[in-house]
Structures are given as C-alpha cells and as structure tokens.
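Hi,

Here is the structure I promised to pass on. Have a look at it first, and my notes follow underneath.

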Amino acid sequence: MVRPSRPSRLVPLIAAVLIATAAGEGAVAPAGAVAAAAFSRPLVIPRVLTGSSITLTAKLADVQILPGRKTRMWTYNGTFPGPTIRRPTGQTTTVTLVNDLPAAAGELTLHNHGNHSAAESDGQPDDFLAAPGGGTVTYTYTGTEAGGNERGALQWYHDHRMDATGRNVWMGLAGMYIIDDPADPQTLPKGEFDVPLLVADRSFDANNQLAYRFNGAGVTGNRILVNGVPQPYFTVGDRRYRFRILNASNSRSYDFALGGGQAFVQIGTESGLLPAPVKRSHILLGPAERADVVVDFAGRLGQRIVLQNLAADGSLRQVMQFRVARDLTDSSSVPAKLRPLPPLEATSAVTRTFEFGRNRFTGAWTINDQVFDPDRIDASPRLGATETWIFTNKSGSSHIVHLHAVDQQLVSRNGVAARPYERMKESWNLGIGETIVLKLRFTDNLGTFVFHCHILEHEDAAMMAQLEVVP
Ligand code: C2O
Ligand code: CU
Ligand code: CU
C-alpha cells in the first residue's frame, strides 16, 4: 500500500478552504449576531435509519443552517448531522460509504466511534479508503463484544481521514449511532422522550458558508449548533426526558449545566450505562465525549430552561432552550441500579505509559515525544490480557485521550479514585498536568487501531499513535 509522505499534510486543507468558500471569501460573522437569533428555531431530530444494510453517501448539499442563504456542506445523505443509525445489539449491520464528494475532498474513511470493529471495518485513517468519484467501502459491525452482545450506547460516526479529519468533520461528515440493548433497564424514558443531541460549533462567512482555517491549536466556531440548528428551542412535556449529549465539536469543550440550578441525573457515558445514576450540577464534555442524562421537567409547566455552557461567556454560553409547554403523564423511572461494569482482573499483565506533550523545538503535538507514523506500532497488547495504561499531560493545553476498539475503566485521576460518573469510558479529558490510570482488556479483534487526541486539529497534526492487538 502506498502511504503519502508527511509533508503532504497541508495540501488537502488548502483545497478544502477553496471549496468551502467557493461562494466568496467573506468575513466571519461577529458572534454578537448569534444572540439575537437564539432560541428562535425548533430543534430538529435527525432522520433515523434502522435497517441492517445502510448506505451513507458523502455528497455536497445545501443545508439551511442560518436564516437566508443555505450553507454548502459535505454531508452524509444530504443532511447535517447525517442520519442517526439505530440498531439492536447483537445484530450485524453493514454500512456502505459512497464517496460522491468533489475530487478535491480526497479519499474518505468512516469510523464508528465507540464500536469494537474489526481492523478493516474501523475506518482506518490511511487504509481501506473510499476514492473520490463514487468509490465505496463497506464496513461490517457485528453488534457483539467480549463474546456477548455489545452494550447499549450512544456512539457516533465520522470521517477519519489522516491529516484531514478536522476539515472533513467541520464540513459536516458526522452523525450519531445508537445501540439499543434489552439488557438495559426498560423503564428509562424512550421513544420521543429519548432525544439525541449532537452539539457542535461552527463559524460562517458573510455568505453563510463554512470557513475552515486549519489551526494546530484547535479550530473553534462562533455559533453553537444542536443537531445542526443554531441554539434551538425544544418544546417538552412536564415529565422525564433522556438526552444523549454528544460533543461533536472539533476542539471546543462544554461545561453543560441547566439554568435555574436543576441537576442532571447522569445515567451513562460513551461506554453505556453507569452502575448507578449520579446527580451532577454540571458536566464537562470534551470533543467526542458523551453524557447520557435524564432531566425531569415535572412541576415546571410554563417554564423555559436554558441548557448552558459554563465554559463560555456571552451568547456562546447558551446552547439551547427547553420550553415546558405540554402537560403529560410519566410512567418512566430511573432505577437505582442501572448496569454493572464488565469485570476486569485485579492484576494487569503490562503497564504502559503515554505522555501527551509538545516538542519544545518544533511545537509539534506528540505522544511519548513522537508524531504519528502509520508504519510504526506503538503498543502491542495481547488479546484478552488485562493491561494498565497511564496517560499524562505534560503540555500546556488540554487533550482528549481516545482509544479505538476497547472500553477503558478508570482506576484513578491524579491519584484520586475514579468518580462514579467516569468509571468506564473511551474518550477522556486530560487537563494540563493531569494523569489518568486506565485498565483495559482488548476482547474482540486482532490488528492495528489508532489512539489519539480527539481535538481534531491535534489529531491531524499527528498527535496519534497506533496499537496492534496480537494473539
Ligand atoms: Cu472519534 Cu479515532 O475517533
Ligand atoms: Cu473512535
Ligand atoms: Cu490534544
């Protein structure tokens, strides 16, 4: 297989900007314009696909994001976000990616984030690619893990092309993927009361077009979109709702809180349900992290409650608004016990340490002082062996540690035993100076998988490494 050499990195990024701004290079709209429009449009729930054989066609589409001129986006099947894939656990699903984007977008690859996929179905950054001009790749997801059914969870799918993931996701290549699991308590809010929320920031030029300028520190936008709608409102009833919140932003973190001081009841993470629900007044989510929460609007008929981002000021602080306007009865409940964690052996065979850092001379983001090399294997865990992986952050900014193909259990963060809401995950906020100790066991697939920072521009700037699961 021919691999592009590293210096080619910036070429596709420049091409993207030309496509993105084909309508004219305009000034980025001031953030202040957002405030006037906040909560003026209803939340949209992305279309749901439930079949065992799904096609996602990457193509240009003009999407109504802002008032006025439509935004030309890179979409899956014509919408942003792409359709939500919703599948029962234990059943095989094939997803065929078709690349109908303009040739300048280059080759594409689709990663089912959170899934335990075979290596050739994982959406490798530089292998098994869908060529421009209608190239296809079919990914097979078995719906199983560790010899049983996969745990129910909110996963998501997104492009993962080496050096260009940030651009490709920014342009619109992302969607949600829900695994429904009958082993999860069935009394949780369901149907129209189980609402996935994909939160992502974007900036637009004066012509309402997406402007992507690669910035190795991370690209942020000046508008907050939920399911593709800028700061929407959502009309709810006076009952419990389950919100599955995904931070699909390239680099922005959110510290979510409910206006009026109401707490969330967190029931799950990226890796499915928690052992027990946890009350939280605010929830910090870095890129790719998810929180599965229940919010009870009982007794709040007539109220308007804002979902806030405490990490931002001004108009960026307002994510969306819940309008409690329907009088409904509620037969849902949140059981005191949700789902035990899968057992891991007390002792681990191997301990590995990975330092997220920055090269003092070149400024490059590094893992153990190295940038990504697709021809290098950085760790070779044995299938079925329990290992300890330690991540430290010695750089001057936060990172999001994400491992493919495995869920991880937190032993400690900065020497303190794992909090109940982050016992098992697969994407971890690693703040400046922090150390997390994880335990993990690869149970499903041999072969190579990447792990990386999920701030997409750090990833594209090669803050990524490769593991190979061996027999
Ligand atoms: Cu969300 Cu390597 O992926
Ligand atoms: Cu992933
Ligand atoms: Cu990073």
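A cut-off to keep in mind before the notes: buried means under 20% relative accessible area, exposed means over 50%, and partly exposed is anything in between. Bear in mind too that this is a predicted model.

Take Glu 355 as a worked case. Its relative accessible area is 29%, so Glu 355 counts as partly exposed. Glu 355 pairs with Lys 394 in a salt bridge, with the closest N and O atoms 3.6 Å apart. Glu 355 sits in strand β24 (residues 350–358), while Lys 394 is in the loop between β26 (386–393) and β27 (399–403), so this pair ties together parts that are 39 residues apart in sequence. Lys 394 itself is exposed, at 59% relative accessible area.

While we're on salt bridges: how many does a search of the whole structure find? It finds 23. Some of them share partners, and in that way Arg 86, Asp 180, Asp 194 and Arg 244 are joined into one network.

Two other pairs caught my eye. In one, the side chains of Arg 161 and Asp 126 meet at 3.0 Å, N to O. Arg 161 is in the loop between β10 (153–159) and α3 (165–170), and Asp 126 is in the loop between β6 (110–113) and β7 (135–141), so the salt bridge ties together parts 35 residues apart in sequence. Both Arg 161 and Asp 126 are buried.

In the other, Glu 289 and Lys 425 form a salt bridge at 2.8 Å, N to O. Here the loop between β20 (283–285) and β21 (290–296) holds Glu 289 and strand β30 (residues 424–425) holds Lys 425, so the parts being tied together are 136 residues apart in sequence. Again, Glu 289 is buried, and so is Lys 425.

Now the copper. For the copper ion that is ligand 3, the protein donors are His 399 (ND1), Cys 453 (SG) and His 458 (ND1), at 2.0 to 2.1 Å from the ion. Along the chain, these donors follow the spacing H-x53-C-x4-H. Cys 453 and His 458 are both buried.

What about the copper ion that is ligand 2: which residues are its protein donors? They are His 111 (NE2) and His 402 (NE2), lying 1.9 to 2.0 Å from the ion. This pair links distant parts of the chain, with His 111 in strand β6 and His 402 in strand β27, 291 residues apart. His 111 is buried, at 1% relative accessible area, and His 402 is buried at 1% as well.

On to the nonpolar side. The largest nonpolar core has 46 residues, and the members that touch the most others are Leu 56, Ile 65, Tyr 76, Leu 97 and Leu 110. Elements giving two or more residues to this core include β2 (53–63), β3 (71–76), β11 (174–180) and β12 (194–202). If you click on Ile 65 and skip its neighbours within four places in sequence, you'll find contacts that include Arg 41, Met 73, Phe 80, Phe 204 and Leu 225.

One last spot is Gln 91, in the loop between β4 (84–88) and β5 (93–99). Gln 91 is partly exposed, with 40% relative accessible area. Leaving out residues up to four places away in sequence, Gln 91 touches Tyr 141, Thr 142 and Gly 143. Gln 91 and Tyr 141 are 50 residues apart in sequence, and their C-alpha atoms are 8.2 Å apart in space.

Cheers

Notes:
Residues are numbered from 1 along each chain as its sequence is written. Chains are lettered from A and ligands numbered from 1 in the order in which they are written. This is a predicted model: local features need pLDDT of at least 70, side-chain atom pairs count only at pLDDT 80 or more; totals for chains, interfaces and linings use all residues. Side-chain values use heavy atoms; hydrogens and water are left out. Donors are N, O and S atoms within 2.8 Å of the metal (3.2 Å for Na, K and Ca); water is not among the atoms, so sites may look incomplete. Buried means under 20% relative accessible area, exposed over 50%, partly exposed in between (1.4 Å probe, protein chains only). A salt bridge is a side-chain nitrogen of Lys or Arg within 4 Å of a carboxyl oxygen of Asp or Glu. Helices (H or I, at least four residues) and strands (E, at least two) are DSSP runs, numbered from the N terminus. Contact means heavy atoms within 4.5 Å. A nonpolar core is a set of buried Ala, Val, Leu, Ile, Met, Phe, Trp, Tyr and Cys residues joined through side-chain atoms within 4.5 Å.
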